[in-house]
Number of protein chains: 2
Amino acid sequence: MKNNVTMRDIAERLGVSSVTVSKALNDKEGVSDDLKQKIKTVAEEMGYRYNTLAKSMKEGVTYNIGVIIPERFTGAVQSFYLNMYQSISRALEQYGYYGILHILTNYDEKELNLPRIYVEQKVDGFIILGQVGKKYIEKMKSMDLPKVFLDFYDEHAEIDAVITDNFYGAYDITNYIVSQGHRDIAFVGNIYSTSSIQDRFLGYLKSLLEHKIRPEESMVINDRDEEGRYIEMKLPERLPTAFVCNNDQVAHNLIQQLKREGYNVPDDCSVVGFDNDVYATLTEPQLTTVEVNVEEMAGNAAEFIIEKVKNPIKTYGRVSVKGKIIYRDSVKEIKTR
Amino acid sequence: MKNNVTMRDIAERLGVSSVTVSKALNDKEGVSDDLKQKIKTVAEEMGYRYNTLAKSMKEGVTYNIGVIIPERFTGAVQSFYLNMYQSISRALEQYGYYGILHILTNYDEKELNLPRIYVEQKVDGFIILGQVGKKYIEKMKSMDLPKVFLDFYDEHAEIDAVITDNFYGAYDITNYIVSQGHRDIAFVGNIYSTSSIQDRFLGYLKSLLEHKIRPEESMVINDRDEEGRYIEMKLPERLPTAFVCNNDQVAHNLIQQLKREGYNVPDDCSVVGFDNDVYATLTEPQLTTVEVNVEEMAGNAAEFIIEKVKNPIKTYGRVSVKGKIIYRDSVKEIKTR
DNA sequence: CTGAAAGCGCTTACAG
DNA sequence: CTGAAAGCGCTTACAG
């Protein structure tokens, strides 16, 4: 079924042992340069391909990393995590590892079913991309493989996490809005739903406090229900002059809603997002937002998990990656009253 | 490093042989039901996990399928193929297989470097997602593993392909436009760049011919260069009343351009897309388009490749999956003159 | 510098 | 119904 040239075949052809072939092909000591060359040439000629499986078996290592994305983050339009997966996949390849994507279904999450790639020992570790439920996190602790959380963290879990700097990102962009003369600034997001949103809210809050702007409860607008589904937003009676949204998609939704109600962005009010994903440039006007450094986050996660595979004792704690503000057209300077 | 409970451990605990354990755990004949039960219970107790690697080694099968996506189809916004990858990944899992994503870089494509997952024998077959260059297709033929093309095909290659029904999709949607009273209908797309675009163009053409509408060369508008980069489009002197775009993103670009030039869609002219991806709903107005049946395409590709792994002789030829028109707001009925 | 032996964890005949 | 032997393709000590 396959070509199946093995080291032994090469050895026989040359009248040496397979041990020698193994050494030569792996550039190990103990074979004369002459023979080494000859072996390599013959291997090439015979179309030899290295059999990773055999090595894996011997070493008890699969050279695969499972990447788990909860189903709810993979809607048709939610390209953000799939994009990040792509970066992870590339980063892992640098280390000779490969990513196996596993979409965690809502059902399996609820029933606490561990991924089959774990049960079948297909992977050496996991990157969990996107917040999963607390109970499932608990359950995952029973898996005796290293794990890295990506783009979220859990306060109770001592699992390493790579996150975007939500707090300072939101802080910075709120500062920018304030610098444009705004004082009535709302935050849009369900602050109880994920750690990222909560941190973004707190960054927003810090900016307000620093500028002696009194935060008001009516200025926090809920955008989604417990299950993460987006809901119609209730705008405050007195319209704020600016909205800090917890992500670009919500900013997009908000702008649509504002338009429907007859408001113009940014003339009547400014709106900023977070993530710099598809929505940022497809919204009219294009969004001023915080760009998340996907490459670096993916790179870190890959590096960490591979180090942890080699040395499970290793820990990194919570590592946050700086984002940066992308200035576009959704914010307008206003005269301070 | 791992828990490493093996069949032998279970066997020793029970005073039987590992052969018996293997049989019991795999529900094979030749073990009394009684013993079978006992073995399963003990396995559970000891936290035994099946070692796929060992099985793979024995059988010479990896249970992995490589999914190759050319780099140029994975831009930040190009979620379409990543989405399809996700569906493939799910479909494969049904068969006990896993997908390994490999992004084919422009460099590797040009240099004709085969993917490392092939060289290292990490996979049993390939799904190639998105048109790759002719030379690379030739090169890939040297890989002695089954392959399935997904979302494109190559006339010279006798490789099985799963495609969306581009021809009839474009034909149907053009018919719809004609039924809305349009006669001046342009096609937008570089008809030399991919087989899909070409087929969509031909579907458009068939509809025109059937309705005795004389096709004009000026009515074919180029949207991208040889490398697939989008370019500014040249609108014809006399504006057609409708545009059939080869995909949603292009439709989106076109609408932006029309807006800039002071035209209103659909009042001044109608525009339709193809794919029903992110752009379809994010464009204003939302696009009438042809929805590609991603699930079914992914499902077919997965099924085919796995059958071919089991039986390399098997061929499927070119299988096209029907799409369907999604009616939205970008087409307006006009009075026939 | 070269190689025989043992083993990674499982399964497939085959023998009892 | 149960199990000893051999083998999948490689590598790791160890011996010569």
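How many bridges join S4(B) to S5(B)? There are 2, and the two strands run parallel. That is one small piece of a predicted model, and the rest of this report walks through some of the others.

## Domains in chain A

Chain A splits into three domains: domain 1 covers 7-50, domain 2 takes in 64-164 + 294-321, and domain 3 spans 166-292. Domain 2 is therefore written as two segments, with the domain 3 range falling between them in the numbering. Between domain 1 and domain 2 of chain A, the C-alpha centres are 39 Å apart.

For a residue's view of domain 1, take A:Leu25, which sits in helix H2 (residues 18-25) of chain A. Its relative accessibility is 23%, so A:Leu25 counts as partly exposed. Setting aside residues up to four places away in sequence, A:Leu25 touches A:Met7, A:Ile10, A:Ile39, A:Lys40, A:Ala43 and A:Tyr48. Over to A:Lys308, 283 residues away along the chain, the C-alpha separation from A:Leu25 is 28 Å.

## Nonpolar cores

The largest nonpolar core has 143 residues, and the members that touch the most others are A:Ile69, A:Phe243, B:Ile69 and B:Phe243. Look around A:Ile69 and, leaving out neighbours within four places in sequence, you find contacts including A:Tyr81, A:Leu82, A:Tyr85, A:Leu101, A:Ile103 and A:Leu129. A:Thr74 and A:His102 are also among the contacts of A:Ile69. There is a second, separate core too, with 44 residues, among them A:Ile159, B:Tyr136, B:Phe152 and B:Ala157.

## Strand S3 of chain A and its partners

Strand S3 (residues 125-129) of chain A is mostly covered, with 5 of its 5 residues buried. A:Gly125, A:Ile127 and A:Leu129 point one way, while A:Phe126 and A:Ile128 point the other. This is the usual pattern: in a regular strand, side chains alternate between the two faces of the sheet.

S3(A) has a parallel partner in strand S1 (residues 64-70) of chain A, with 4 bridges between them; here A:Gly66 has A:Phe126 as its bridge partner. S3(A) also runs parallel to strand S4 (residues 147-150) of chain A, again over 4 bridges, and A:Ile127 is matched with A:Val148. To get from S3(A) to S4(A), the chain passes through helix H8 (residues 134-140) of chain A, in a right-handed β-α-β crossover.

## The corresponding stretch in chain B

In chain B, S3(B) and S4(B) run parallel and are joined by 4 bridges, with B:Phe149 in S4(B) as the bridge partner of B:Ile128. Together with helix H8 (residues 134-140) of chain B, these strands make a right-handed β-α-β unit. B:Phe149 also has a bridge partner in S5(B), namely B:Ala161. As for side chains, B:Lys147 and B:Phe149 point one way from S4(B), B:Val148 and B:Leu150 point the other, and all are buried.

Helix H13 (residues 294-310) of chain B has 17 residues, which at 1.5 Å a residue should span 24 Å; the end C-alpha atoms are 24 Å apart, so the two agree. Its buried residues include B:Val294, B:Met297, B:Phe304, B:Ile305, B:Ile306 and B:Val309, along with B:Asn300 and B:Lys308. The cover over the buried residues of H13(B) includes strands S1 (64-70), S3 (125-129), S4 (147-150), S5 (161-164) and S11 (318-321), plus helix H5 (79-94), of chain B.

## A second sheet in chain A

Chain A also has an open sheet of 4 parallel strands, in the order S7-S6-S8-S9. Its edges are strand S7 (220-221) and strand S9 (270-272), each paired on one side only. Strand S6 (residues 185-188) of chain A meets S7(A) in the parallel sense over 2 bridges, and A:Val188 stands opposite A:Ile221.

## Backbone oddities

Most residues other than glycine have a negative phi, and most peptide bonds are trans. Here are some exceptions. The bond from A:Val265 to A:Pro266 is cis, with omega near 5°, and A:Pro266 lies in the loop between helix H11 (248-260) and S9 of chain A. In chain B, a cis bond joins B:Val265 and B:Pro266, with omega about 5°.

Then there are two positive phi values. A:Leu112 has phi near 60° and lies in the loop between helix H6 (106-111) and helix H7 (116-119) of chain A; at 28% relative accessibility, it counts as partly exposed. A:Asp151 has a phi of about 70° and belongs to the loop between S4 and strand S5 (161-164) of chain A. With 8% relative accessibility, A:Asp151 counts as buried.

Key. Residues numbered from 1 in each chain as written. Chains lettered and ligands numbered in written order. Predicted model: local features only at pLDDT ≥ 70, side-chain atom pairs only at ≥ 80, totals over all residues. Heavy atoms only, no water. Expected span 1.5 Å × (residues − 1). Buried < 20%, exposed > 50% of the residue type's maximum accessible area, 1.4 Å probe, protein only. Contact = heavy atoms within 4.5 Å. Core = buried A, V, L, I, M, F, W, Y, C linked by side-chain atoms within 4.5 Å. Pairing = 2+ DSSP bridges. Right-handed = clockwise from strand over helix to strand, strands pointing away.
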